[in-house]
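Reader: Can we go through this model together? I'd like to start with the confidence.

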Amino acid sequence: MTHWKAMMRRGALILAAVFGFMSVAVPVAQAGMISVERHAATGAEAAAQDKVQAFLARAEVEAQLISLGVDPQLARERAAALSGAELAQAADLADRPAGAGVVGALAFIFVLLLITDIIGLTNVFTFVR
Amino acid sequence: MPQGVGARLGLLAAVLLLSACASGPPLTLPAGAPAIELTEVPFFPQEDYHCGPAALAEVLQWTGVDVTPAALAPRLMIPARYGTLQIELVAQTRALGRVPYQVPGDLGAVYQELAAGHPVLILQNLALDWSPMWHYAVVVGLDPARREVILRSGREPRRVVDATVFENTWARADKWAMVALPPAALPVTVEPAQVRQAAIALEQLQHWPMAEAVYHSAARRWPDQAIFQLGYANARYAQGAYAEAEAAYRVLIAAFPQDPAAYNNLAWLLARQQRWDEAEALIDQGLIHAGPLRDELEHTQRQIRCGRAGTCR
């Protein structure tokens, strides 16, 4: 049931993004101009293809951010701030967010990290050095 | 008790095996170079998990952006994951009017950036590959003689870390490092292709004045690369500065008479101003060198002709 709701929400988001995309489209002034991106690329179709994929990825990233607890309005703005290349990287947001996290509280890991700290392999405990 | 000793010996053996890898790649710290430290880089003590917002606020404030970690956090943190993604540090840097560049993953490059006054935001894995503890910090100093790296990190305004320890923790995060610079400034260690990518990202997001400044600086550093002059002229055109764009395209054509893009874009600009004769003459010239851009130039030629005749579409 919740899965179904999540899917509906995601679908609605993607639709909303489609309409948003259509109204923005490419500025008229840019039509016909050869961009740096086009000039540097080898295939003419590549750029157009990327645009469609980037926009689908943007909706997807936005939906993922919301599901990970980000405020929906901010999620939209955050997804909109990513370039095409970054969107491709963001496909899996589970990647590796950093924050000085707490390592699993297992005593084994504690002892191991203490020793690896001493030999300079890791740097978890400030008091070691 | 003997059992405990055995376990400890086993652990020691495991650690000794690990330490064989810990020597890692050779240090790339420049030998004999003087110590360097950007003491004026601001410091924000990190709240729980907020090393990303703190580190970014430090490098951004250094370049004159008035922003705090608290203001950045809602746009950087992912609540369910207690952290910040690298790509979002990059994206928010752009959103706040600074240009993000990745720096090569060696301390020699970091040293060069520091020498140019650019503090370097880095990602570390402080723990182990299979039990990671990701952490962002800002390198503000390097002391080659004492083999020390000086960081703004977590709650420590001046954390001094042994260079080998730093390299080990940094290597487990793929030696990711970035600088955030005002649009007219370029990193010392950057490659032309990277600058092009940074500028293209700015164009995609319609940050035209920033793109213009990046292209302008890149064209001065690499005058032999036509692409930067093209980008500069395009950015001016995109902002409606037609006279300035025209001047820039003419400079480009004079310097690179074989480059078809400048002919195409200038012809298009002239056609918008209904200067049909000049536009047609230019596109004819451009078609001589059209190469892989022939389709685009022929399209422009058709548009000029139908525009002139008032028969487009």
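**Confidence and domains**

Author: Residues 15-28 of chain A keep a pLDDT (the predictor's confidence in each residue, from 0 to 100) under 50. For that stretch the model has five contacts beyond four places in sequence, a contact being two residues whose C-beta atoms, placed from the backbone, lie within 7 Å.

Reader: And what about residues 100-105 of chain A, how many contacts there?

Author: That stretch has 19 contacts beyond near neighbours in sequence, with pLDDT below 50. Where pLDDT is low, the predicted coordinates should not be read in detail.

Reader: What rules and numbering apply?

Author: This is a predicted model, so local features need pLDDT of at least 70 and side-chain atom pairs count only at pLDDT 80 or more, while totals for chains, interfaces and linings use all residues. Residues are numbered from 1 along each chain as its sequence is written, and chains are lettered from A and ligands numbered from 1 in the order in which they are written.

Reader: Switching to chain B, which domains does the assignment give?

Author: Domain 1 (24-181) and domain 2 (192-309), with bounds from an automatic or database domain assignment. Their C-alpha centres lie 38 Å apart.

Reader: How many residues are in contact between domain 1 and domain 2 of chain B?

Author: Five residues of domain 1 of chain B contact eight of domain 2 of chain B. On the domain 1 side, strand β4 (residues 99-102) of chain B gives the most, with three residues; strands are DSSP E runs of at least two residues, and helices H or I runs of at least four, numbered from the N terminus.

Reader: What follows α4(B)?

Author: B:G97, with a positive phi near 85°.
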